[in-house]
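Hi everyone, thanks for coming. Today I'd like to walk you through one protein model, a piece at a time. Please have a look at it on the screen before I start.

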Amino acid sequence: MRTPLSPHVTSTSTTTGALNRVRNLGILAHVDAGKTTVTERMLYLTGAVHKRGEVHDGTTVTDFDAQERDRGITIFAAAVSCVWDDHRINLIDTPGHVDFSDEVERSLRVLDGAIAVFDAVAGVEPQSETVWRQADRHGVPRIAFVNKLDRAGADLDLAVASIRDRLHTVPLVVQLPIGREDAFTGVVDLVRMRALVWAAGADTYAEGPVPEALAAEARLRRRALEEAVAELHPAALEEFCAEESLGEDTLTAALRDLTRTGEGVVVLCGSAYRDRGTEPLLDAVVSYLPSPLDVPPVRGTLDGAEQERAADPAEPFAALVFKVNSTATGRLTYLRVYAGTIGKGDTVLDVAARRTERVGRILRVQADRNSEVDSARAGDIVAVVGVKEARAGATLCAPSAPLLLEPPTVADPVVSVAVEARRSLDTDRLASALARLVEEDPSLTVRSDAETGQTVLSGLGELHLEVAVEKIRRAQGLEIVVGRPQVAYRETVLRGVSGLVYRHVKQDGGAGQFAHVVLDVEPAGAGEEDGAFVFSSTVTGGRVPQEYVRAVEAGCRDALADGPLGGHPVTGLRVTLTDGATHSKDSSEMAFRTAGRFALRAALRACAMTLLEPVVEVTVTVPDSAVGGVLGDLAARRGRVSGSAARAGTAVLTATVPLAELFGYATRLRGRTQGRGTFTARPTGYAPAPPAVAAGTPAGSTTR
């Protein structure tokens with residue numbers, strides 16, 4: 001077994017100086033799969049903490065926020081650092097609730113690898129799929145840890161089958177459990193063919209030969225692992241054909257290659273709560289997940305040209321801001337350093353804002369605690385103090401070598417509430433607190449409703465907004481009045497129009513304005529991205545110069561903000577500029593932008609339009625005795641049941657439900673199931689709303 005270094009060694013940056021001994025990884029999972037407990041056990045075993053924290057006691061390192069401890073879930077991504085086998089592991093514990101998936105997105109943007117944690121009873125759950133797809137988009141290599149093998153109904157094989165069937169990947173199982181459910185005591189390492197057994201209350205395992213009762217099954221599973229690896233890895237296939245088996249070194253090297261290319265996923269198992277299986281998981285992190293040197297150089301743009309910058313401390317400095325946090329002692333800006341070195345007092349350039357910032361201090365972060373270091377270099381994840389304006393997604397780099405990195409995407413808000421201070425004297429304090437909140441969480445937006453004058457806070461879900469409001473209440477001591485949640489409706493084109501002519505002429509002394517455009521508007525094609533706006537031009541003969549065509553497109557985009565049905569944003573349409581005319585003196589980009597805006601507004605009024613409402617896939621777990629009542633309630637909420645399954649005395653129902661119908665559903669579900677029912681929701685997009693909903697939708701219910 002590998003052992004951790006002493007706590008004094010883990011606090012220094014010189015121990016893991018080589019980049020190939022750095023691992024930047026995240027913990028991904030569905031809510032309640034046990035990822036925070038996995039993180040806590042990793043910190044304890046590496047010597048980063050000296051006492052095991054428990055989620056139910058509110059004593060974990062990464063769930064340090066008061067709301068996280070009250071609710072028993074991870075809300076904010078927390079960065080920690082530890083050392084195992086002389087490797088620096090920078091770890092981010094991410095939220096598992098769908099309302100906080102934007103925290104996962106920003107974290108994945110700066111990670112080189114991840115551990116996906118699955119419940120051994122439930123297998124792949126809805127949010128498991130969501131975070132897996134997010135990792136796919138970012139090309140993040142993963143290993144899987146099937147947790148909670150000590151629970152009643154735990155089954156490694158069923159969990160692995162769900163990984164294969166629902167995530168469409170090749171699971172490469174490298175362990176065999178010893179014992180089932182509450183008799184689970186250890187695992188057989190199928191790579192080394194050794195048994196690892198944890199005695200009750202022991203901090204570490206005892207290694208020995210494979211138990212005789214499991215020897216035959218272990219040989220079969222080792223053979224199946226070799227065959228699966230040989231099918232995917234050319235060098236392993238060559239040895240397998242020659243020797244009819246794979247040696248330990250070949251198997252380990254092949255598993256490493258398949259993990260890093262994403263062709264396979266190494267699967268381990270255990271029970272983090274019972275302290276069983278975490279040491280082999282740490283070994284797998286070191287053995288299989290990539291270092292910063294194993295991933296492609298970061299790509300960015302400079303003056304429109306794409307450039308690469310290698311993970312080398314000698315390169316010019318380049319880093320991406322992935323999180324901003326305002327604390328009682330100041331503003332913390334979290335960075336992933338991709339290239340170069342930064343020291344205290346250095347000046348960096350915020351490329352997009354074209355503004356320089358001075359770094360006051362550099363901190364090695366341990367959730368809500370930190371230790372100061374003199375410098376950070378390529379591969380590090382640190383926080384800096386002194387950077388006052390940079391937002392999440394900003395690129396910080398050496399002023400002499402600017403490079404703009406691609407920022408993480410930000411999800412569009414889907415739920416809004418009106419917020420106001422109970423006392424008018426607190427209005428300015430609330431505005432300031434909301435501004436800081438949006439700065440910390442880009443998935444939140446704040447706007448003033450033009451019709452009502454209300455301040456509207458928008459986010460990714462009811463819980464997301466509830467947490468945001470409560471954060472202001474606790475931090476600022478403000479009394480806040482919150483309105484009823486409203487969902488973000490959209491409008492789209494059902495049937496378009498052709499040949500709509502719009503002429504913009506304005507003459508009020510001096511240079512005038514003239515623009516003549518002809519537009520075709522139609523629904524976006526089935527092969528185009530959902531919700532896309534597609535603009536094209538078929539104008540020939542130079543009747544509309546190219547710079548004016550771009551201005552028409554900009555004007556059309558302006559018009560998408562307010563649809564004709566209720567002032568909701570318009571999505572899912574294709575606009576084609578088919579003809580136009582100019583004036584030698586009075587035509588300008590401004591004139592054609594104005595013409596594009598008013599022309600598309602007129603075209604949308606002539607189109608057949610429909611209202612779209614956000615819908616979610618709901619997975620409801622209830623006792624068998626409550627299924628009938630729950631199904632009736634889902635039907636009353638306009639839900640369409642798409643599947644059901646039985647699982648150990650409970651039923652798991654899957655349905656698609658409009659998001660607007662889910663407000664307050666948790667309370668109703670608890671009442672129908674005597675507190676034993678649970679549900680999760682995963683956004684699936686937008687769907688046409690029925691006429692009754694469209695007729696009763698207020699214009700102020702949209703998120704812009």
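How many residues lie between β9 and β10 in their hairpin? The answer is six, and in that turn glycine 201 has a positive phi of about 80°. Before I go on, please keep in mind that this is a predicted model.

Let's stay with that hairpin for a moment. Strand β9 covers residues 194–198 and strand β10 covers residues 205–208; the two run antiparallel, joined by four bridges. To find one of those pairs on the screen, look for alanine 195, whose bridge partner in β10 is glycine 208. If strand pairing is new to you, here is the general idea: strands of a sheet pair through backbone hydrogen bonds, and they can be parallel or antiparallel.

Now a second hairpin. Strands β12 and β13 form this one, with two residues between them. In the turn, aspartate 303 has a positive phi of about 55°. β12 spans residues 298–302 and β13 spans residues 305–309, and five bridges join these antiparallel strands. Two partners in β13 are easy to look up: valine 298 is bridged to arginine 309, and threonine 301 is bridged to glutamate 306.

This hairpin also belongs to a sheet. The sheet is open, has three strands in the order β13-β12-β24, and its pairing is antiparallel. Which strands sit at the edges? They are β13 and β24, the latter at 404–405, and each of them pairs on one side only.

Next, let's look for empty space inside. Searching the whole structure turns up four cavities of 30 Å³ or more. The largest cavity holds about 70 Å³ of space. Its lining includes Ala79, Asn90, Tyr334, Arg364 and Ala383. β2 (78–84), β3 (87–93), β19 (361–366) and β22 (381–385) are the elements that each give two or more residues to that lining. By character, the lining residues divide into nine nonpolar, two polar and one charged.

Tyr334, which we just met in that lining, also turns up around asparagine 325. Asparagine 325 sits in strand β14, residues 318–327. Leaving out residues up to four places away in sequence, asparagine 325 touches Gly330, Arg331, Leu332, Tyr334 and Glu440. Is asparagine 325 buried or exposed? Its relative accessibility is 17%, so it counts as buried.

Valine 517 is another one to look at, in strand β32, residues 513–523. Valine 517 has a relative accessible area of 0%, so it is buried. Beyond its neighbours within four places in sequence, its contacts include Leu500, Tyr502, Leu577, Phe592 and Ala599. For a sense of distance, the C-alpha atoms of valine 517 and aspartate 426 are separated by 50 Å, and these residues are 91 places apart along the chain.

Last topic: cysteines. A disulfide is a covalent bond between the sulfur atoms of two cysteines. How many disulfides are counted here? The count comes to zero. Why does cysteine 556 have no bond to cysteine 607? Cysteine 607 holds the closest cysteine sulfur, but that sulfur is 12 Å from the one in cysteine 556, so it is too far for a bond. Cysteine 556 is buried, with a relative accessible area of 0%. Cysteine 82 is buried too, at 1%.

That's my tour, and I'm happy to go back to any part of it.

Conventions: Residues are numbered from 1 along each chain as its sequence is written. This is a predicted model: local features need pLDDT of at least 70, side-chain atom pairs count only at pLDDT 80 or more; totals for chains, interfaces and linings use all residues. Side-chain values use heavy atoms; hydrogens and water are left out. Two strands pair if DSSP finds at least two bridges between them. On a 1 Å grid over the protein atoms alone, a cavity is a set of points where a 1.4 Å probe fits but cannot get out, and a pocket is an open set with protein on both sides within 12 Å along at least five of seven lines; lining residues have an atom within 4 Å of a point. Grid points are joined across faces, edges and corners, and a volume is the space filled by probe spheres set on the points. Ala, Val, Leu, Ile, Met, Phe, Trp, Tyr, Cys and Pro count as nonpolar, Asp, Glu, Lys and Arg as charged, and the others, Gly among them, as polar. A disulfide is a pair of cysteine sulfur atoms within 2.5 Å. Buried means under 20% relative accessible area, exposed over 50%, partly exposed in between (1.4 Å probe, protein chains only). Contact means heavy atoms within 4.5 Å.
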